[in-house]
Amino acid sequence: MSRFRVGCDEEGYYLEDSFSRQHPLRVNFSHPEFLTRLRGAGKRTELVARAVKAGGGVRVLDCTAGLARDAFVLASLGCEVTLVERSRVVYTLLLDGLKRARKVPELASAANRIKLTNADSLVLMAQTSLEYDVIYIDPMFPEKPGAAAVRGPMQHLQRFLGTDEDAMALLSVALQAGCSRVVLKRPPHGNWISPIQPTHVFKNKNSRYEVFAS
């Protein structure tokens, strides 16, 4: 029997981990902590917005949807975001979260600028008909021990999905996809070596955004 179970109740879909005492994982853009971030988000205050050069009508392909927090911030700043998620379970959670967000007046506008698809980004980016201004890649960070470990929903998601083993392949394909701007999010420290030198780097104590612009 699998340790993970997908369920549905009056609040929507959730993912439960029978090995953990954590609350089930839901995609909830109405969570107070995220709403605080969203209300303070600006093109200069959010590193992801600076890296992507967020603005009205900017078309972003987010190759690693995850919990879609960065994507939602970008959409709130006017970007048209296509979310790609290969896990059918996470796709279902995201679809449910976006559906509920579209019913909340404060969130509806941003949610309506997000398109979600269940696909493999490596396959999608190999198509020659891509028409995006930015390709955004946010692989699952390697698990950290002790106090440095991720907490809350991201910890739950990391246990379910594991670490992205094809992050380098995603970047390599993205750099060949003909898009003028590719953004890679990764930990501020580590042994990752990008195949080419980034054009710009935006970083803080939690994250590092490498920008490859042509």
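This passage describes the nonpolar cores, one helix, the cysteines and the charged pairs of a predicted model.

The largest nonpolar core holds 48 residues. Within this core, Phe29, Val60, Phe72 and Val81 touch the most other members. Helix α4, residues 88-101, supplies the largest share, six residues. Another core lies apart from the largest one and has 15 residues. Ile135, Leu171, Ala174 and Phe212 are among the members of this other core. In soluble globular proteins, nonpolar side chains tend to be buried together.

The contacts of Val81 were listed without residues up to four places away in sequence. On that basis, Val81 touches Val60, Ala71, Leu74, Ala75 and Ile114, and also Asp62, Arg113 and Lys115. Val60 is thus both a contact of Val81 and one of the residues that touch the most other members of the core.

Helix α8 spans residues 167-175. Four of its residues, Ala167, Leu170, Leu171 and Ala174, are buried. These residues lie on the same side of α8, because they cover an arc of only 95° around the axis. An α-helix has 3.6 residues a turn, so residues three or four places apart point the same way. The cover over the buried residues of α8 includes helix α6 (121-125). It also includes strands β6 (134-137), β7 (181-186) and β9 (208-213). Two of the buried α8 residues, Leu171 and Ala174, are also among the members of the 15-residue core.

The model contains zero disulfides. Cys63 illustrates this: the nearest cysteine sulfur belongs to Cys179 and is 9.4 Å away. A disulfide would need the two sulfur atoms within 2.5 Å, so Cys63 is in no disulfide. Cys63 is nonetheless buried, with a relative accessible area of 5%.

Ser87 sits in the loop between β4 (80-85) and α4. Its relative accessibility is 13%, so Ser87 counts as buried. A polar atom of the Ser87 side chain lies 3.2 Å from the backbone nitrogen of Val90.

The count of salt bridges comes to 14. Side chains of opposite charge can pair when their charged atoms come close. Arg26 pairs with Asp9, with the closest N and O atoms 2.7 Å apart. This pair links distant parts of the chain, 17 residues apart. Asp9 belongs to strand β1 (residues 4-9), whereas Arg26 is in the loop between β2 (12-17) and α1 (32-40). Arg26 is partly exposed at 21% relative accessibility. Asp9 is also partly exposed, at 27%.

Arg26 forms a salt bridge with Glu11 as well, and here the closest N and O atoms are 3.8 Å apart. Glu11 lies in the loop between β1 and β2, 15 residues from Arg26. Glu11 is partly exposed, with a relative accessible area of 46%.

A further salt bridge joins Glu210 and Arg186. Their closest N and O atoms are 2.8 Å apart. The pair connects strand β9, which holds Glu210, to strand β7, which holds Arg186, across 24 residues of the chain. Glu210 is buried, with a relative accessible area of 2%. Arg186 is buried too, at 11%. Both strands also contribute to the cover over the buried residues of α8. Elsewhere, a network of salt bridges links Arg37, Glu46, Asp70, Asp138 and Lys185.

Key. Residues numbered from 1 in each chain as written. Predicted model: local features only at pLDDT ≥ 70, side-chain atom pairs only at ≥ 80, totals over all residues. Heavy atoms only, no water. Core = buried A, V, L, I, M, F, W, Y, C linked by side-chain atoms within 4.5 Å. Buried < 20%, exposed > 50% of the residue type's maximum accessible area, 1.4 Å probe, protein only. Contact = heavy atoms within 4.5 Å. Arc of directions from axis to C-beta. Polar contact = N/O pair within 3.5 Å; in protein donor to acceptor, adjacent residues only side chain to side chain. Salt bridge = Lys/Arg side-chain N within 4 Å of Asp/Glu carboxyl O.
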